[in-house]
Amino acid sequence: MALYTLKRVGALTPLLVVISFLTFVLNGLSPMDPAEVVLHAQGVPTITDELIAATRAELGMDRPLLIRYGDWLLASLQLDFGDSFITGKPVWSLLGPALLNTMKLTLVSSLFIVVLSIALGVVCALKEGKWLDLSVRGVSFLLTSMPAYWLAALMVWYFAVKLDLLPTSGMDTAGSYVLPVAVIVIGYAGIYFRVIRSSMLSNLNEDYVLYGRACGMSERKLTLYVLRNSLQVAVSVFGLAIPIILGSTVVVENIFAWPGLGTLTVNSILGRDFPVIQAYVLVLAVAFVLFNTVSDVMNAAMNPRLRKEL
Amino acid sequence: MRTKKAVILLASILTIVILAGCNGDKVNNGGAGTEAEVRELVYATAKDINDMNPHLYPGSMAAQGILYESLVENTPEGIKPLLAESWEISEDGKTYTFHLRKDVKFHDGEPFNAEAVKLNIDAVQRNASKHAWIKLSTKLAEVSVVDEFTVKLTLTETYYPTLLELSMTRPYVFISPKDFQNGETKDGVTAYHGTGPYILEEHVTEQFATFVANEAYWGGAPTVKKITAKVLPAGETTLLALQKGEVNFVFTDDRGTDSIDVDAMQRLAETGDYQIVRSEPMNTKMIVANSSQASSPVSEKAVREAIWQSIDRETISRTIFSGTETPAETLFSSNVNYADAGLQKREYNPEVAAKLLEEAGWTNADGTEIRSKDGRQLAIKLYYDVNSSSQKTQAELLQSETLKIGMKLELVGEESSAIANRRSIGDYDLLFNQTWGLAYDPQSTITAFTSETAYLHTTSGLPQAQELYGKIEEVMVSTDEETRKGLYKNILTIAHEEAVFIPLTNGSVTVVAPADLQGISFKQTQFELPFERMSFE
């Protein structure tokens, strides 16, 4: 088991290096002079040639790309992603709090998504084809097909303005979580409960269920067995759901003025704040790879057959 | 049995969700109740106020404007005293002696005196390369302390806009010398203590910033005791937050955009809770033509005039801007200093435009839709900012109008920084642009005629280019008001006759405020608002 984990983690390093290099190079390929980009980002009204030359030297842009990449990679291993072009503050001091805020939103949402998906998936699988199954699937289909920004605007209008129950935006009170979390949960739970449901259904048709039933095993116990086996699929799916939500909260954060990664990245992209964009891509790549590995390792722990495959 | 349990589970989850909602509700209502009693202003801003260092450029100008002050103030009646009570200008126009107010303190209690003025201006000058746009930074030779409240500025040459440039939001404003880092401000400051009517109380990045009234303000403590800048990136949320009262003030931001659309503003005003106040014209949106490329059709005056006369400004103002912007007939609106030069208006008239092209030799005798001359098609590229929906719509309107007179307009949308780059290297036919704004017009915009990063390629192809540049140089060092007026009239007439700056509309600042807020007025700049003059009924 330890060997398996080690192998999996070892395979990650080259992948992350490639991702980080690509981001660095792609940013470098931008048609504009980075020094000029910095000065534009700082809002300097008139940019002279001397100023560009001075800025280029100050940023170390006059050195070869590979050397700059090497320096950046070494520093970023210690969470030193350089300074933001716009504010001049260390990138981590911007990215850290934003990541934390988005993490809060993501984790609370994920918790609800997992609980809701499993509950709905199990109920629907057991009631397959009945009105409950049909209506849950119908409603979830309707809700997940609504664009997130539209759903969010509707919910803010109804719950915050009309009923005056919740704040429209911000991150001040516990109530602030309700609407953004609800929008995210509606978007994802509607998809993930289907995964549980179909996995349950295929397991219910397995021979071991028939055998168990023939042996007189209680239905309750049988359902628990089926659920445990169905959850194997769910672990991989949910494992990836967390980084997916982490990287796709842009719309929700923008509408709810949530000071997280989405807001930060959009502003950085618009302002061409390359150090922040690079760090963001790297952090997100690490999150994807990490959660994927964790779910693989978890699955391997639950199912010894998987360990031999690598 | 099984289903019952599942239903119970489901019901309990729902209960938790609903309870969580109720909990939030109580907390929030408590907050809203106390807010109403204190009557503060909460304004929505699409971007964080950012770094408040007044000697650099990333910060919000509206916020910097209430924290910091300059020596003098630009008003519709001309330059007036602010931190300087009075001043003398030497005969040769090279020495300015300022007598400072004696009752001014920085927010941290430090005294504002000649020494503080010198420290601040010297700190700005040591970072002069970042301030190249403000010509005073290249002409300031020395700042010397005469006595505790008298300070003398010496220039290398006469420069008439000195007082105007000293009145601007940045960089010649004053921060407590205690906030300097190693005697400098260019690498950041430790705190943001100015002399202005408001004090920065708290700033949570990407969430909000609060400003409280400076009770010891030399001009009298402001009536509105607290102002909050709340970050709301999405216009839809801003509108909903206004309806709910979480924010109660919005205004046209630094980049000239309104966060909520005109119809929505109108509906808000109809509820009776809000009022809309609009300023005089603050700047001119325009299309700039490149006169320096002989290969481009727009290097011909007739083509530029034809474009000018095929723009229906009334329709643009009415349908694209819903009346928030007014049609512009000249480079500067008449409320700009020295801009009332009696220039001839060029009407919207496609027939005249077509005739101009015909006379200049651009014909479609062979029956083709697009005119040509010497085997060359009348095809022109117009660059617009992809992030500006109004520029795109205007470009499309213009495209269909010019097609009627046999001109092919190709529209190219790019990022604003890419367009700025095109402007500085001269790689364009036409592009969208705007004047610097009331505080900077006409002097800064006109100085930019000669600047390579701005309008050099726009003006350098004109037959009178050298004459124009000579007059621009002359007007900046002029000391006599009448001479200056005459020179500005000449400069504006050349630019107008040659039709290189094709005006579209005049932009202004729009404010949406609570209906009972009094004293809403504007400054001579679109980037600041005089919050200290406002009060609740």
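Trainee: Which side chain of opposite charge is nearest to A:Asp273, and how far away is it?
Mentor: This is a predicted model, where local features need pLDDT of at least 70, side-chain atom pairs count only at pLDDT 80 or more, and totals for chains, interfaces and linings use all residues, while side-chain values use heavy atoms and leave out hydrogens and water. A:Asp273 is buried (under 20% relative accessible area; exposed is over 50%, partly exposed in between, with a 1.4 Å probe and protein chains only). It has no salt bridge (a side-chain nitrogen of Lys or Arg within 4 Å of a carboxyl oxygen of Asp or Glu). Counting Lys and Arg as positive, Asp and Glu as negative, and leaving out His and the chain ends, the nearest opposite charge is A:Lys89, at 11 Å.

Trainee: Which residues does A:Asp273 touch, beyond those up to four places away in sequence?
Mentor: A:Asp273 sits in the loop of chain A between α12 (261-270) and α13 (274-302); helices (H or I, at least four residues) and strands (E, at least two) are DSSP runs numbered from the N terminus. With contact taken as heavy atoms within 4.5 Å, its partners are A:Ser84, A:Phe85, A:Ile86 and A:Ser268.

Trainee: Which helix of chain A gives the most to the nonpolar patch?
Mentor: The patch covers about 750 Å² and includes A:Trp150, A:Leu163 and A:Val251. Patches need over 30% relative accessible area and no salt bridge, joining like charges within 9 Å and nonpolar side chains (Val, Leu, Ile, Met, Phe, Trp, Tyr) within 5 Å. Another member, A:Tyr158, is partly exposed at 39% and lies in α7. With five residues, the top contributor is helix α7 (residues 148-162).

Trainee: What is the helix content of residues 277-298 of chain A?
Mentor: Residues are numbered from 1 along each chain as its sequence is written, and chains are lettered from A and ligands numbered from 1 in the order in which they are written. The unreviewed UniProt entry lists 277-298 among its "transmembrane region" spans, though such annotations may be inferred rather than shown by experiment. The end C-alpha atoms of this span lie 31 Å apart, strand is 0%, and helix is 100%.

Trainee: And how many helices does chain A have in total?
Mentor: Residues 99-295, which the unreviewed UniProt entry annotates as "domain: ABC transmembrane type-1", are 83% helix and 0% strand. Chain A as a whole has zero strands, and its helices number 13.

Trainee: Over in chain B, is B:Asn120 buried or exposed?
Mentor: B:Asn120 is found in helix α3 (residues 114-125) of chain B. It touches B:His55, B:Val173, B:Phe174, B:Ile175 and B:Phe180, leaving aside residues up to four places away in sequence. Because its relative accessibility is 0%, B:Asn120 counts as buried.

Trainee: What is omega for the cis bond between B:Asp441 and B:Pro442?
Mentor: Most peptide bonds are trans. One cis bond joins B:Arg170 and B:Pro171, with omega about 5 degrees. B:Pro442 lies in the loop between β19 (430-434) and α13 (443-447) of chain B. For B:Asp441 and B:Pro442, omega is about -5 degrees.

Trainee: What is the positive phi of B:Tyr338?
Mentor: Most residues other than glycine have a negative phi. B:Ser322, partly exposed at 37%, has a positive phi of about 45 degrees. B:Tyr338 is in the loop between β14 and α10 (350-359) of chain B. Also not a glycine, B:Tyr338 has a phi of about 65 degrees.

Terms used: Areas by Shrake-Rupley, 256 points an atom, 1.4 Å probe, with all protein chains shown as cover.
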